[in-house]
Amino acid sequence: LQELDGYVWMKDNLPLNTKVFSYGPHTNVVIGFDKFACVWCEEFRTFKEGILEKDIITVHDWLKENGYEYLAFGGMEFNYLSRDYGPERTQELLNTRLSEIVALPDKFEVVHQNEDFVLFKVK
């Protein structure tokens, strides 16, 4: 429920079609809440492959180059990524990526957070 509240906050507080990149392999929720992600673009699909293995500077640079304004993490990302990496490895890698993001306030800023969702502004 907290994750849903996060997406509702995003819908209510970001302009229509704002470019939002969700960290997991599926982006349906972003689109379902009236935001934009180029899911049909080859470079988008290719970049999403192995996303947990990419360091956060690489992710940031790609987001900037492709005009993404926000980066979203929620419980669904954990669930989908666990299918490929297993729950323990997924949790370890997500914690690492979130720690990397928090350590880079010049590149990311938390704009909304609750127990199951965090939305970062890409600087």
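This is a tour of a predicted model, going from its largest pocket to one helix and then to three single residues.

**The largest pocket**

Begin by selecting Phe 73, Leu 98, Asp 116, Phe 117 and Val 118, which, of the 17 residues that line the largest pocket, are the closest to its centre. The volume of this pocket is about 280 Å³. To bring up more of the wall, colour strand E2 (70–74), helix H5 (75–85), helix H6 (87–102), strand E3 (108–114) and strand E4 (117–122), each of which supplies at least two residues of the lining. Which of these elements gives the largest share of the lining? That share, five residues, comes from H6. If you then colour the lining of the largest pocket by class, you should find nine nonpolar, six polar and two charged residues.

**Helix H4**

Next select helix H4, residues 56–65, and show the side chains of its buried residues, which are Ile 56, Val 59, His 60, Trp 62 and Leu 63. Turn the view until you look down the axis of H4: the buried residues fall within an arc of 165°, and they therefore line one face of the helix. What lies over these buried residues can be shown by adding strand E1 (20–22) and helix H3 (42–48), together with E2, H6, E3 and E4, all of which are included in the cover.

Both ends of H4 deserve a stop. At the N-terminal end, select Asp 55, which caps the helix with a side-chain oxygen that lies 3.0 Å from the backbone nitrogen of Ile 57. Just after H4, select Gly 67, where the backbone takes a positive phi of about 75°.

**Pro 87**

Move on to Pro 87, whose place is in helix H6. Is this residue buried or partly exposed? Pro 87 is partly exposed, because its relative accessible area is 42%, and buried would mean under 20%. Leaving aside the neighbours within four places in sequence, Pro 87 is in contact with Phe 78 and Ser 82. For a sense of distance, draw a line from the C-alpha of Pro 87 to that of Lys 107: the two residues are 20 apart in sequence and 28 Å apart in space.

**Thr 18 and Asn 17**

Now go to the loop between helix H1 (2–13) and E1, and select Thr 18. Thr 18 counts as buried, since its relative accessibility is 5%. A polar atom of the Thr 18 side chain lies 2.6 Å from the backbone oxygen of Pro 15. Apart from residues within four places in sequence, the contacts of Thr 18 are with Lys 35, Phe 36, Glu 69 and Tyr 70.

The last selection is Asn 17, which also has its place in the loop between H1 and E1. Asn 17 is partly exposed, with a relative accessible area of 47%, whereas Thr 18 counts as buried. Not counting residues up to four places away in sequence, Asn 17 touches Asp 34, Lys 35 and Phe 36; Lys 35 and Phe 36 are also among the contacts of Thr 18. When you check the backbone of Asn 17, note a positive phi of about 65°, although this residue is not a glycine. To finish, join the C-alpha atoms of Asn 17 and Phe 44, which are 27 residues apart along the chain and separated by 16 Å.

How values were computed:
Residues numbered from 1 in each chain as written. Predicted model: local features only at pLDDT ≥ 70, side-chain atom pairs only at ≥ 80, totals over all residues. Heavy atoms only, no water. 1 Å grid on protein atoms, 1.4 Å probe; cavity = no way out; pocket = protein on both sides within 12 Å on 5 of 7 lines; lining within 4 Å. Points joined across faces, edges and corners; volume = space filled by probe spheres on them. Helix = DSSP H or I, 4+ residues; strand = E, 2+ residues; numbered from the N terminus. Nonpolar A, V, L, I, M, F, W, Y, C, P; charged D, E, K, R; others polar. Buried < 20%, exposed > 50% of the residue type's maximum accessible area, 1.4 Å probe, protein only. Arc of directions from axis to C-beta. Contact = heavy atoms within 4.5 Å. Polar contact = N/O pair within 3.5 Å; in protein donor to acceptor, adjacent residues only side chain to side chain.
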